[in-house]
Amino acid sequence: RNVLRTLCSRQLCSKYTSDCLSCERVIRRGLEVLYMVDPIDEYAVQQLKEYDGKQLVCVTKEGLELPEDEDENKKFEENKAKFENLCKVMKEILDKKVEKVVVSNRLVTSPCCIVTSQYGWSANMERIMKAQALRDTSTMGYMSAKKHLEINPDHAIVKSLREKAETDKNDKSVKDLVLLLFETSLLISGFSLEDPTIHASRIHRMIKLGLGIDEEEEVAAAAEEAATDDMPPLEGDEDDASRMEEVD
C-alpha cells in the first residue's frame, strides 16, 4: 500500500483539513494523507522514497492513481473524450504558462487545480528556493515547477465553459474566464502570481459584469470627461477675468 503525502506551506495546511485541492477525492475516499509542512521535509523526501515497505506518493504531483472500479474508469474515459476540445482551447489560451491541460481524477468540489510534474519542484519548494538570498539562479529554469492544469468535469463552471468554448472559442469572455481560473488555482495551490495587477483587473471586470455595468459605456463616459477637461478656454475668458480684478 502506498502512503499519500502532500508538501505544502503551513499557511495552506495550517489547520490540517481538506483545504488542499489535490486532496479532495483522496479525503473523500477515506484515505489518510501525511501533511509535510516543514521546509526540511522538501529536502528529506527527495531521498526518502519509501518507508517501512510503503512507497511515498506525492498528492500534488501528476499521475495520481486512486483505487477505482470499472464504472468509475469508464466514466473517467468518457469525460476525457468529452472535454478533450476544452482542454485544447485552454492550452492554446494559457500557452507556455502550463505544460498541459487534462481532466482530473482528484477534484470533487473545485473547478480546477495546479499540479506539478514528477521531476520538478513542488509549489512549496519553488517558494522556498525563491526566498533564498544566495540561490543558484541557473537551476531556476529547469528545476522550477512544471505546471499542469487539471479540470473537474463534474463542476458546473467547467461544464458551462465547455459549452461556451464550443459555441465560440474566440470569445473574449472565454479567455478571461480561463485565465481567471488558472490564476486562482495558482494562488490556492501555493504559487505566486507574476503580475497581481492583471489578476485584480480581471476580478474587477467580472464584478462589473455581475453588477450589470457596461464597460464600454464607462470607457466612453471617461473619454468624454477627459475631453471636457482638456477643452481650451473660450476667447474672451482672460479679458473677463482681468475686468473682474479691476473691479475688485
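User: Which side chain meets that of Glu-68 in a salt bridge?

Analyst: This is a predicted model in which local features need pLDDT (the predictor's confidence in each residue, from 0 to 100) of at least 70 and side-chain atom pairs count only at pLDDT 80 or more, while totals for chains, interfaces and linings use all residues. Residues are numbered from 1 along each chain as its sequence is written, and side-chain values use heavy atoms, with hydrogens and water left out. A salt bridge here is a side-chain nitrogen of Lys or Arg within 4 Å of a carboxyl oxygen of Asp or Glu. At 4.0 Å, N to O, the side chain that meets Glu-68 is that of Arg-29.

User: Which residues are joined with Arg-29 into one network?

Analyst: Glu-72 also forms a salt bridge with Arg-29, the closest N and O atoms being 3.4 Å apart. Glu-72 lies in helix H3 and Arg-29 in the loop between H1 and S2, so this pair ties together parts that are 43 residues apart in sequence. Salt bridges that share partners thus join Arg-29 into one network with Glu-68 and Glu-72.

User: Is Asp-176 buried or exposed?

Analyst: The side chain of Asp-176 meets that of Arg-205 in a salt bridge of 2.7 Å, N to O. Buried means under 20% relative accessible area, exposed over 50%, and partly exposed in between (1.4 Å probe, protein chains only). Arg-205, at 25% relative accessibility, counts as partly exposed, whereas Asp-176, with a relative accessible area of 10%, is buried.

Note on methods:
Helix = DSSP H or I, 4+ residues; strand = E, 2+ residues; numbered from the N terminus.
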